[in-house]
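Hi,

Here is the structure I promised to pass on. Have a look at it first, and then read on for what turned up.

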Amino acid sequence: MKISIDSEKILILDFGSQYTQLIARRIREIGVYSEIVSHQISFKEIKKNKPNGIILSGGPESVYAKKTLTLDPEILKSNIPILGICYGMQLIAQHFQGKVKTSKKSEFGNTSIKLYRGKILQKISNKDLNVWMSHGDKVTHLPKGFKKIASSKNCSIAAFANEKHKKYGLQFHPEVTHTEKGSKIFESFIKDVCDCKAKWRSKNIVEKLINDIRSQVGNGKVLLGISGGVDSSVAAALLSKAIGSKLECIFVDNGLLRKDEAKQVKKDLKKALGIKINFSDSEALFLKNLKGQSDPEKKRKIIGKTFIDVFLKEAKKIKKIEFLAQGTIYPDVIESSGIKGGKAHVIKSHHNVGGLPDYLKLPLVEPLNSLFKDEVRKIGLTLGLPKSLIGRHPFPGPGLAVRMLGEISKEKLEVLREADQIFIEELVNANLYNKVSQAFAVFLPIKSVGVVGDARRYEYVIALRAAETIDFMTAKASKLSHNLLNKVSDRIINEIPKVSRVVYDISSKPPATIEWE
């Protein structure tokens, strides 16, 4: 049975909120396809998309400012169900002649609200609810035809509804985990108001993507670069199911992978899918090009360019390639400002978004570019990939290069690999690996004095990083026990002569990032 990926769709208009991706993920978790678009989208374009509903995200602006972010007013005039969150609620209020003013007391963090009757709150039996607020402005007068459905101590109108025209507003953020039963609110809006039936499931997604691949490539041969990460591995599995032997894979070992990673990935993919992989051992070339470089962005660009050079050389050995495939996923597209008119800043370059198509002049196949990481993992399991591969912690495209501060050398890489392996082994032994979102070791470009036996040791410092997160947009350091950290530290210092000290990174994201570079 052919399944349309757009048969049910919720469009999310982005007004610059740090939580916009979270909204999209929450909708998909309920079983409905969601897509993030710019707030600048026209109503004409909206109609082409045929959404079941629209969500207006939050944002840092004020609706009454002279230069602020707005939207095509025809969207709000339409009969499409609309839910506004924070700034989105204030836009709805302003459009329908309500009033929005600066609040005397801003609300940031957990707040208790009182609930009244309303269709989007009908799945919640509580009279009071703890929610996450983040606003300095608020709606002070209801627009005509709207009713108040929630209030807080400092915000009399914490939510409103116009049931007749299916327009709703929430001053709080149901998308963040700090809001109790936020998914229930989304579920009521999506299923009860927008009348969606929840068709967005792994089995259906796989069937749809396989059909899309076959429609795009026909009998053409497709070339895919495998990095060893989850995304490219799942892309390989999907392409293999779709086109079989017409898939050619290239694995470039850049010398920046984790211990025994290349061997393990080749073994897993061959066992699960029988995929043919063209292997290139290019460690020497990458290290040569990286010599003397310590700036993280320059290292990323050198690695990206060298990868392209090696990939092109290997690709020329394969005849009659007609398409190029990449394991690009939806957050890569968003974070690289792939949304037209999007407000996202590029924090660091992604070398898996673009680049290769310009060099090879081949049509691009990106089967995962509409999926979030958790969806990619679920699809991988559906396709038969082993949990050991699918469940691996995220690994950056430039590999250990961004976990080694300063200049890169083979000697330092060996030290880092061993330290990283010890850390992961002990997390596995303590049954914590799957409870930690991401864990790794970092090589610091400094030396510290230590004493081993009766001898003085003046060697390198290793930092350990373990973080817990739901969406990787915000994260906190894992509260690992001192006993475990002591054990890891003792092993690293005793088993790696080039290390004299181990430290643990307790920074949160933000302000820090999860990776060090």
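Which residues lie nearest the centre of the second largest pocket? They are Gln264, Arg392, Gln421, Ile424 and Tyr433, out of a lining of 20 residues. Before going further, please keep in mind that this is a predicted model.

The second largest pocket has a volume of about 560 Å³. Three elements each give two or more residues to its lining: helix H8 (261-273), helix H14 (387-390) and helix H15 (410-429). If you sort the lining residues by type, you get ten charged, five polar and five nonpolar.

Next, the strands. There's an open sheet of five strands with parallel pairing, and the order across the sheet is E12-E11-E10-E13-E14. Strand E12 (277-281) and strand E14 (364-365) are the edge strands, each pairing on one side only. Further in, strand E10 (residues 221-226) runs parallel to strand E13 (residues 321-325), and four bridges connect the two. If you want a spot to start looking, find Lys221, whose bridge partner in E13 is Ile321.

Now for the rings. The structure holds nine aromatic pairs. One of them is Tyr33 with Trp200, a tilted pair with 4.9 Å from centre to centre and 50 degrees between the planes. Tyr33 sits in strand E2 (residues 33-38), while Trp200 is in the loop between helix H5 (182-193) and helix H6 (202-217), so this pair links parts of the chain that are 167 residues apart. Are these two buried or exposed? Tyr33 counts as buried because its relative accessibility is 7%, and Trp200 is buried too, at 8%.

Phe443 and Tyr460 make another tilted pair, since their ring centres are 4.6 Å apart and their planes are at 55 degrees. Phe443 belongs to strand E15 (residues 438-452) and Tyr460 to strand E16 (residues 455-468), with their positions 17 residues apart in the chain. Phe443 has 0% relative accessibility and counts as buried; Tyr460, at 12%, counts as buried as well.

Tyr460 has a charge over its ring, too: the charged end of Lys447 sits there, 5.0 Å from the ring centre. You'll find a similar arrangement at Phe440, where the charged end of Arg403 is over the ring, 3.9 Å from its centre. Finally, Phe96, Phe146 and Phe160 form one aromatic cluster.

Happy browsing!

How values were computed
Residues numbered from 1 in each chain as written. Predicted model: local features only at pLDDT ≥ 70, side-chain atom pairs only at ≥ 80, totals over all residues. Heavy atoms only, no water. 1 Å grid on protein atoms, 1.4 Å probe; cavity = no way out; pocket = protein on both sides within 12 Å on 5 of 7 lines; lining within 4 Å. Points joined across faces, edges and corners; volume = space filled by probe spheres on them. Nonpolar A, V, L, I, M, F, W, Y, C, P; charged D, E, K, R; others polar. Pairing = 2+ DSSP bridges. Phe/Tyr/Trp six-rings, centres within 6.5 Å; stacked < 30°, edge-to-face > 60°. Buried < 20%, exposed > 50% of the residue type's maximum accessible area, 1.4 Å probe, protein only. Lys NZ or Arg CZ within 6 Å of the ring centre and 35° of its normal.
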